[in-house]
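Here is a short briefing for a first look. Open the structure and keep it in view while you read.

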Amino acid sequence: MDTHKSNGDPPIIRIHSNIELESLEDKAVLDFEDENLSSKDSIGSKKQSFDGSDKRSLSALELTSNFDVPRNTILGSIKIVVFSTKINLLIPFGPLAILISAVTGSHGWVFFLSLVGIIPMAERLGFATEQLAYFTGPTVGGLLNATFGNATELIISIYALKNGMIRVVQQSLLGSILSNMLLVLGCAFFSGGIVVADREQVFSKGSATMNSSLLLMAVMGLLFPAVLHSTRTELHFGKSELALSRFSSCIMLVAYAGYLYFQLKSQKNLYVQVNEQRDSQTWNADEDEAPEISKWEAIIWLFIITTWISVLSEYLVNAIEGASRDWKIPIAFISVILLPIVGNAAEHAGAVIFAMKDKLDISLGVAIGSSTQISMFGIPILVIIGWITGHPMDLNFQLFETATLFITVIVVAFMLQEGTSNYFKGLMLIFCYLIVSASFFVHMDPIPAADPPKPGN
């Protein structure tokens, strides 16, 4: 065994000189001199002496030690976050929307400018989440991406619920699920299939099946209140539907909590073997992949960006009905198609980028994981919030919307069952989304955007 190579030992820096380490197998003695131990070149050579098997055994937390944590000044951090991408040229549209609202009160312009102003904020929210994910590892990073990626939709929905616009809440959340499952995932499959054209891309069937099962459970929770209402078979009209929705929401929240425990604690080795081992190899291989801001910088920016999105969301929600009248576009189309496209900007960009880097497990974690989180957490928690605040939101999304979601989940589940993807599968998902968009453009919602209180609240 070469005295200068140690493939089995971790890279430990000793502070004593001429320490002799005796192995039980080969009785080899390794001598280290003080000047070699303090030399950066010596440390670097020790890191390079690891073979591929040792790299695969590293955990995501250990991987974070392979890059230097950046130390940015306040101006440096602002330069990285605000001035590093061209999409931030749209940031002034947000303050302009507030100015137009105060001066003219034109709902169409306020809605448009607020919508455009939220786009760079949603993208920067994704950037800050991605930076934070470098310090947490791929599994927790995927959960963070899904959580903060949905922050825009949840903030908009909370303001709409506060204004009594229950149908806008339901339709925007439904649109977020449809957008993630069809448009975001479709673009990820398509772009990844074009870049990796010589073979089919592979992803974890177990993780995809688990998310598909949760989505089918969410469809069940939405289907029964809609059927109960449509068939007029409620025991107490107006009360049973609301009570069933609140009970189902509590069950769905418990199921989602169990899923998080299963994924992050109980069976996390299953996800590490499928995702993190492969990602750990590419993490070290890609020299340009390193955090640009520190962990606390990312947390502070997440707070700042979320606050600004909250401000713009209030103006956006207040202008929805006026914009629908000015543009002669159904509120259902605005809620289901336009709002989710803006809110999903971060997921859209992230999923496509990861797919082009052949990291399809992360793309699915962002797209399908985001849909799962909206359906199993976002929708139920808003039902509970409405229950607490006196806004009787239920799980009756009406038959047209519920049928659309059911068919979408079935189509995507069939696409994922083989554990492979190509550009044609992505193209089919994008075409499905175009059909859904056209359907809601000609769909007339029988219930007004601002609903009157239902009996039994």
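How many aromatic pairs does a search of the whole structure find? The search finds eight. Keep in mind that this is a predicted model. Two of the pairs are set out below, followed by a ring cluster, a charge over a ring and one helix.

**Phe 111 and Trp 327**

- The ring centres of Phe 111 and Trp 327 are 5.5 Å apart, and the planes meet at 75°.
- That angle is over 60 degrees, so the pair is edge-to-face.
- Phe 111 belongs to helix H7 (residues 107-133), and Trp 327 belongs to helix H15 (residues 320-327).
- The two rings are 216 residues apart in sequence, so their pairing ties together separate parts of the chain.
- Phe 111 is buried, at a relative accessible area of 0%.
- Trp 327 is partly exposed, at 32%.

**Phe 400 and Phe 440**

- Phe 400 and Phe 440 also make an edge-to-face pair.
- Their centres lie 5.2 Å from each other, with 80° between the planes.
- Phe 400 sits in helix H19 (residues 398-416), while Phe 440 sits in helix H20 (residues 423-441).
- This pair links distant parts of the chain, 40 residues apart.
- Phe 400 has 33% relative accessibility and counts as partly exposed.
- Phe 440 has a relative accessible area of 0%, which is under the 20% limit, so this residue is buried.

**Other ring contacts**

- Tyr 256, Tyr 259 and Phe 377 form a cluster linked by ring pairs.
- Arg 124 lies over the face of Phe 127, 4.2 Å from the ring centre.

**Helix H19**

- H19 has 19 residues, and at 1.5 Å a residue they should span 27 Å.
- The end C-alpha atoms of H19 are 27 Å apart, which agrees with that expected span.
- The buried residues of H19 include Gln 398, Glu 401, Thr 402, Leu 405, Val 409, Val 412 and Leu 416.
- The buried residues cover an arc of only 155° around the axis, so they lie on the same side of H19.
- Which exposed residues does the face turned away from the buried side of H19 carry? That face carries Ile 407 and Phe 414.
- What covers the buried residues of H19? The cover includes helix H10 (166-195), helix H11 (205-230) and helix H18 (360-389).
- Strand S4 (420-421) and H20 are also part of that cover.

Conventions:
Residues are numbered from 1 along each chain as its sequence is written. This is a predicted model: local features need pLDDT of at least 70, side-chain atom pairs count only at pLDDT 80 or more; totals for chains, interfaces and linings use all residues. Side-chain values use heavy atoms; hydrogens and water are left out. Rings of Phe, Tyr and Trp (its six-membered ring) pair if their centres lie within 6.5 Å; planes under 30 degrees apart count as stacked, over 60 as edge-to-face and the rest as tilted. Helices (H or I, at least four residues) and strands (E, at least two) are DSSP runs, numbered from the N terminus. Buried means under 20% relative accessible area, exposed over 50%, partly exposed in between (1.4 Å probe, protein chains only). A charge sits over a ring if NZ of Lys or CZ of Arg is within 6 Å of the ring centre and within 35 degrees of the ring normal. The expected span of a helix is 1.5 Å times one less than its number of residues. The arc is that of the directions from the helix axis to the C-beta atoms. Contact means heavy atoms within 4.5 Å.
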